[in-house]
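Trainee: I'd like a really close look at one part of this one rather than a quick tour. Could you pick a salt bridge and work outwards from there?

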Amino acid sequence: MLKTKLIAALCTVLMLLAGCSKGENAPSDDFREGSVAELPTAEFLSAKTEFNEYDGNIEKIFVTVTNDSDKEFPYDNWWRLEKEVDGEWRTINLTEEIYVLDFDVSIPAHSTITFACELKGHIKQPLPSGHYRLWVGGEKGRVPAEFTIKK
């Protein structure tokens, strides 16, 4: 009887341990050195993602950027992704560099544009759950658009 209880207890502990592990197919973070926060911030720009929450397999995120200044603002399709970990922002590694538009594009004064950040092919997927931000803008400054990846 004691032997049966010990085996049952051992099986329970092993099942709990197996349930708590990430497993081979669970997404994991892929960070790189350096910080996007070192980039200049454009005080007159603001950015917002299409939705506040996405699943980890999101391939493309639409970001709306608003220019509140009296001048047009040159922008590009260069972006970087960060994740908040233990109160600090960590930059997500790119699996492939992002091609930057080589023609003049700008956001007119007091206007809004929406463009797509193509994550598929540039970021290891699926993204683990957590709080993220995409930095968008141009050489004269960038702003973050925050969102979460649901569990």
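**Starting from one salt bridge**

Mentor: Let's start with Glu82 and Arg133, whose side chains meet in a salt bridge, 2.6 Å from N to O. Glu82 belongs to strand 5 and Arg133 to strand 9, so this pair ties together parts that sit 51 residues apart in sequence. Both ends are hidden away: Glu82 is buried, and Arg133 is buried as well. Keep in mind that we're looking at a predicted model here.

Now for the setting. Both strands belong to an open sheet of 5 strands, with the order 2-10-9-5-6 and mixed pairing. The edges are taken by strand 2 (53-54) and strand 6 (88-91), each of which pairs on one side only. As a reminder of what holds such a thing together, strands of a sheet pair through backbone hydrogen bonds, and they can do that either parallel or antiparallel.

Stay with Arg133 for a second, and look at the backbone this time. Arg133 stands opposite Glu146 in strand 10. Strand 9 (residues 130-138) and strand 10 are joined by 9 bridges and run antiparallel. The two make a hairpin, with 2 residues between them.

Strand 10 takes us to a second salt bridge. Arg142 pairs with Asp76, and their closest N and O atoms are 3.1 Å apart. Asp76 lies in strand 5 and Arg142 in strand 10, so here the pair ties together parts that are 66 residues apart in sequence. Are these two buried or exposed? Asp76 has 9% relative accessibility, so it counts as buried. Arg142 comes out at 7%, so it counts as buried too. The search over the whole structure finds 4 salt bridges.

For contrast, try one that involves other strands. Lys60 forms a salt bridge with Glu118, and the closest N and O atoms are 3.4 Å apart. Lys60 lies in strand 3 (residues 60-67) and Glu118 in strand 8 (residues 111-118), so this pair ties together parts 58 residues apart in sequence. Lys60 has a relative accessible area of 35%, so it is partly exposed. The figure for Glu118 is 36%, which also makes it partly exposed.

Back to the sheet, and out to the strand 2 edge. Strand 2 runs parallel to strand 10 (residues 141-149), with 2 bridges joining them. In that pairing, Glu53 has Thr148 as its bridge partner in strand 10. This corner has some aromatics worth a look: ring pairs link Phe51, Tyr54, Tyr132 and Phe147 into a cluster. Across the model, the count comes to 5 aromatic pairs. In one of the links, the rings of Phe51 and Tyr54 have centres 5.9 Å apart and planes at 75°, so that pair is edge-to-face. The two residues aren't equally covered, though. Phe51 has 46% relative accessibility and so counts as partly exposed, while Tyr54 has 5% and so counts as buried.

At the other edge, strand 5 (residues 76-85) and strand 6 run antiparallel, with 4 bridges between them. Val85 has Glu88 in strand 6 as its bridge partner. Asp86 lies in the loop that connects strand 5 and strand 6. Its phi is near 50°, a positive value in a residue other than glycine. That's worth flagging, because most residues other than glycine have a negative phi. Asp86 reaches 77% relative accessibility, so it counts as exposed.

There's a similar case away from this turn. His110 isn't a glycine either, yet it has a positive phi of about 50°. You'll find His110 in the loop between strand 7 (106-107) and strand 8. With a relative accessible area of 52%, His110 is exposed. One more backbone point to check by eye is the peptide bond from Gln125 to Pro126, which is cis, with omega near 0°. Pro126 sits in the loop between strand 8 and strand 9.

Finally, zoom out. The chain has 1 helix and 10 strands, and the helix comes ahead of the strands when you read from the N terminus. Buried residues make up 34% of the 151 residues. Of the contacts with a separation of 6 or more, 73% involve residues 24 or more positions apart. On the outside, the chain exposes about 9600 Å², with carbon and sulfur atoms supplying 53% of that.

Note on methods: Residues are numbered from 1 along each chain as its sequence is written. This is a predicted model: local features need pLDDT of at least 70, side-chain atom pairs count only at pLDDT 80 or more; totals for chains, interfaces and linings use all residues. Side-chain values use heavy atoms; hydrogens and water are left out. Two strands pair if DSSP finds at least two bridges between them. Buried means under 20% relative accessible area, exposed over 50%, partly exposed in between (1.4 Å probe, protein chains only). Contact means heavy atoms within 4.5 Å. Accessible areas come from the Shrake-Rupley method with a 1.4 Å probe; for residues, only the protein chains shown count as cover. Rings of Phe, Tyr and Trp (its six-membered ring) pair if their centres lie within 6.5 Å; planes under 30 degrees apart count as stacked, over 60 as edge-to-face and the rest as tilted.
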